[in-house]
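Here is a set of questions and answers on one chain. Read each question, look at the model, and then check the answer.

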Amino acid sequence: LFDGIYPFYVQQRKVSVFDVSTIIVIVVFLTFACSFLLITPGIRGRARLYWTLRVLLSLLVGVVIVAVQFTGDWETGWVTANTSYKSFSHALVNVDIGLHVGLAGLNVTLIGNPVNQVNETIKYNEHFSWSFGEDYDHSYSEGLERGLPSPILYVAEKFTTQNPCSMNRQYRISGHYASATLWVAFCTWVISNMLFSMPVLVYGGYMVLVTGAFMIFSLLSFSTVRNSLMCPIQFGTTTLHIGYGGSFWLTLAIGLLCFVAGITVVTLHYFNLDLLKTFFDLREDKAEEYQDITEVYINPHFVNKEL
């Protein structure tokens, strides 16, 4: 405290990759998975394995579609540099500078090598949001008022609306369209699960293909930022380069998995329907399906002689 007053403005921190929203989504889907695993002992035969495989794969697709909406590692980059620490100061520090871009904003991380330098603990992680209802320029102005370190302000300034590179506009539009297509993919995922619970498996396969297509569309939407002019982020002679992060590649993997699953269901529907019904536990008992009445027991005392 400085004369009983905090020297910096209080700001809610946001983890660069997994924040509270992401953890809540993961916990909810894990609860569904654990609840299902508790009832699997009541499923007899090979149907237990088929049910477990179907439910876990479906939950994996659903949790990825929702969780990547809140993660902050669609694009990431790190650089180690010797740079000035504060404005109007000639002190140089050796730091690791990280940039993590998500669909709703970006995080700038600053970690000293070592952490304690110039009589301070250099360990920052600042979030700047451009989602709906958020003003990125206002967040940047608050960072100026709080006196954030110069490397963080320098990186954040590259994404302001007044910057001639127009990176804010490109990333914001691409992120919004990517988020919207992912929510559509979530809706089609829900519909596919509803169709798989009914004897219309081929249409469920088609909806899985649609889910994968919308996930790929979200990746194409986000990747359009590469077509815009990327202003270099330089610290002396070193440059901060960013590339696709874990959330981008995870979304791509799950999208391809949806394509494989959808194509498999549609192919089995036309070439081996019995195997498909067996996997989805929709096959009727052969004894009930094909058995004919071969013997009839009749009380002879009540038989009409004419019959």
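Two strands pair if DSSP finds at least two bridges between them. Helices (H or I, at least four residues) and strands (E, at least two) are DSSP runs, numbered from the N terminus. This is a predicted model, in which local features need pLDDT of at least 70 and side-chain atom pairs count only at pLDDT 80 or more, while totals for chains, interfaces and linings use all residues. Residues are numbered from 1 along each chain as its sequence is written, and side-chain values use heavy atoms, with hydrogens and water left out.

Q: In β2, which residue is the bridge partner of T80?
A: Strand β1 covers residues 75–84 and strand β2 covers residues 92–101; the two pair in the antiparallel sense over 10 bridges. One pair across these strands is T76 and H100 of β2. For T80, the bridge partner in β2 is D96.

Q: In what order do the five strands of the open sheet stand?
A: Strands of a sheet pair through backbone hydrogen bonds, either parallel or antiparallel. In this sheet the pairing is antiparallel. The edge strands, each pairing on one side only, are β4 and β7. The order is β4-β3-β2-β1-β7.

Q: Which residue of β7 is the bridge partner of E75?
A: Strand β7 is made of residues 243–244. It pairs with β1 in the antiparallel sense over two bridges. The partner of E75 in β7 is Y244.

Q: Which residue of β3 stands opposite I97?
A: β2 and β3 run antiparallel and are joined by seven bridges. A hairpin of three residues joins β2 to β3. Opposite I97 in β3 stands L110.

Q: Which residue of β4 stands opposite T109?
A: β3 and β4 pair in the antiparallel sense, with nine bridges between them. Opposite T109 in β4 stands N125.

Q: Which peptide bond is cis, with omega about 0°?
A: Most residues other than glycine have a negative phi, and most peptide bonds are trans. Here P114, in strand β3 (residues 105–117), takes part in an exception. The cis bond is the one that joins N113 and P114.

Q: Is V118 buried, partly exposed or exposed?
A: V118 is found in the loop between β3 and β4 (120–129). In this hairpin, with two residues between the strands, V118 takes a positive phi near 45°. Buried means under 20% relative accessible area, exposed over 50%, and partly exposed in between (1.4 Å probe, protein chains only). With a relative accessible area of 40%, V118 is therefore partly exposed.

Q: Is N119 buried or exposed?
A: N119 also lies in the loop between β3 and β4. Its phi is positive, about 60°, although N119 is not a glycine. The relative accessibility of N119 is 84%, so the residue counts as exposed.

Q: Which strands does helix α3 touch?
A: Helix α3 (residues 136–146) packs on the sheet, and its direction makes about 160° with that of β4. Axes are lines fitted to C-alpha atoms, for helices over the stretch in contact, and angles run from 0 to 180 degrees between N-to-C directions. Contact means heavy atoms within 4.5 Å. The strands touched by α3 are β3 and β4.

Q: Are α2 and α5 roughly parallel or roughly antiparallel to each other?
A: Helix α2 (residues 47–67) and helix α5 (residues 167–196) pack at an angle of about 160°, with their axes 9 Å apart. Among the residues that make the contact are L59 and I65 of α2 and W183 and F186 of α5. Angles under 35 degrees count as roughly parallel, over 145 as roughly antiparallel, 65 to 115 as roughly perpendicular and the rest as oblique. The angle of α2 and α5 therefore makes them roughly antiparallel.

Q: How many charged residues are in the contact of α6 with α7?
A: Helix α6 (residues 201–223) and helix α7 (residues 246–271) pack at an angle of about 155°, with their axes 8 Å apart. Ala, Val, Leu, Ile, Met, Phe, Trp, Tyr, Cys and Pro count as nonpolar, Asp, Glu, Lys and Arg as charged, and the others, Gly among them, as polar. By class, the contact of α6 with α7 has 20 nonpolar and eight polar residues, and the number of charged ones is none.
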